[in-house]
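This report covers confidence, a helix, salt bridges and a pocket in one protein chain. Please keep the sequence and the model at hand while reading.

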Amino acid sequence: MSVPITMRKASEVERELNRAGLQRFWEFWWTRKVRLFAESLGDNEHIVAGVRGYFREVRGRLVATEQRLLFVERKGLFGSIVESFPYSRINEISASNDVFRGDLIISSGASTERIRSIWKAHLIAFLHLVQQTLAEFRSGGPTSSTGAANHLDTASQLEKLAALRDRGVLTPQEFQEQKEKLLRQ
């Protein structure tokens, strides 16, 4: 018996990328990039912020969700790079910068990865948001995902939806639809 694999709607993901400041900018493969994000995100995972930078010599987009950092970019005609950094595995996140650009440094276990050449103004705001999300995750706060996310009570799930709406990740209509779906369960 096979389990159906669900994928987020590309139109929803594109709206989240636009809200995060990662909209299309003179790109031929934009639809494919949006599809890569849609395929990589979980059903209840939303993009809350993002930056552009280089990871392993490939320019792409790094986004923060409630559960992880996710770097996605197409590579060549048929390939792609999808690298996930779950908050549960991140030990430290920091930045090094020069006058205009900087690097985001992600330490997890024995490895350290760099997302290079991020505009400094975007880097600082993104770093603060990720550090706050990581602290909430570690303290068991609203973004924590200890593997029991499906067992959260309805009230805390409604609070999460409201927070996403307040941050502009969900439109009021999307919030209402998700709320009604949750209450029907």
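A residue is called buried when its relative accessible area is under 20%, exposed when it is over 50%, and partly exposed in between. Arg24 has a relative accessible area of 48%, so it is partly exposed. The residue sits in the loop between H1 and H2. Apart from neighbours within four places in sequence, Arg24 is in contact with Asn18 and Trp30. Its C-alpha lies 9.1 Å from that of Glu14, which is 10 residues away in sequence.

**Confidence**

The model is predicted. The mean pLDDT of the chain is 82, and 83% of the residues score at least 70. Confidence is highest in E7, at 95, and lowest in helix H4 (residues 154–166), at a mean of 72. Over residues 144–152 the pLDDT falls below 50, and this stretch has nine contacts in the model beyond near neighbours in sequence. Where pLDDT is low, predicted coordinates should not be read in detail.

**Helix H2**

How many of the 11 residues of helix H2 are buried? Eight of them are, so the helix (residues 30–40) is largely enclosed by the rest of the structure. The buried residues are Trp30, Arg32, Lys33, Val34, Leu36, Phe37, Ala38 and Ser40. Trp30 is thus a buried residue of H2 and also a contact of Arg24. The buried residues of H2 pack against H1 and against three strands, E2 (58–64), E3 (68–75) and E4 (79–86).

**Salt bridges**

Side chains of opposite charge can pair when their charged atoms come close. The whole structure contains 11 salt bridges. Three of them are listed here.

| Pair | Closest N to O distance |
|---|---|
| Arg8 and Glu16 | 2.5 Å |
| Arg56 and Glu83 | 3.5 Å |
| Glu57 and Arg116 | 3.2 Å |

In the Arg8 and Glu16 pair, Arg8 has a relative accessible area of 4% and is therefore buried. Glu16 is buried as well, at 3% relative accessibility. Both belong to a network of salt bridges that also includes Glu12.

The Arg56 and Glu83 salt bridge has its closest N and O atoms 3.5 Å apart. Arg56 lies in the loop between E1 and E2 and Glu83 in strand E4, so the pair ties together parts that are 27 residues apart in sequence. Glu83 counts as partly exposed, at 21% relative accessibility.

A salt bridge also joins Glu57 to Arg116. Because Glu57 lies in the loop between E1 and E2 and Arg116 in strand E7, this pair ties together parts that are 59 residues apart in sequence. Glu57 is exposed, with a relative accessibility of 63%, whereas Arg116 is partly exposed, at 29%.

**The second largest pocket**

The second largest pocket holds about 310 Å³ of space. Its lining consists of 20 residues, and Ala20, Gly21, Leu22, Gly50 and Val51 lie nearest the centre. Which element gives the most to this lining? Strand E1 does, with four residues. Helix H1 (10–19), strand E1 (49–55), strand E7 (111–119) and helix H3 (120–138) each contribute at least two. By type, the lining comprises 10 nonpolar, four polar and six charged residues.

Conventions
Residues are numbered from 1 along each chain as its sequence is written. This is a predicted model: local features need pLDDT of at least 70, side-chain atom pairs count only at pLDDT 80 or more; totals for chains, interfaces and linings use all residues. Side-chain values use heavy atoms; hydrogens and water are left out. On a 1 Å grid over the protein atoms alone, a cavity is a set of points where a 1.4 Å probe fits but cannot get out, and a pocket is an open set with protein on both sides within 12 Å along at least five of seven lines; lining residues have an atom within 4 Å of a point. Grid points are joined across faces, edges and corners, and a volume is the space filled by probe spheres set on the points. Ala, Val, Leu, Ile, Met, Phe, Trp, Tyr, Cys and Pro count as nonpolar, Asp, Glu, Lys and Arg as charged, and the others, Gly among them, as polar. Buried means under 20% relative accessible area, exposed over 50%, partly exposed in between (1.4 Å probe, protein chains only). Contact means heavy atoms within 4.5 Å. pLDDT is the predictor's confidence in each residue, from 0 to 100. A salt bridge is a side-chain nitrogen of Lys or Arg within 4 Å of a carboxyl oxygen of Asp or Glu.
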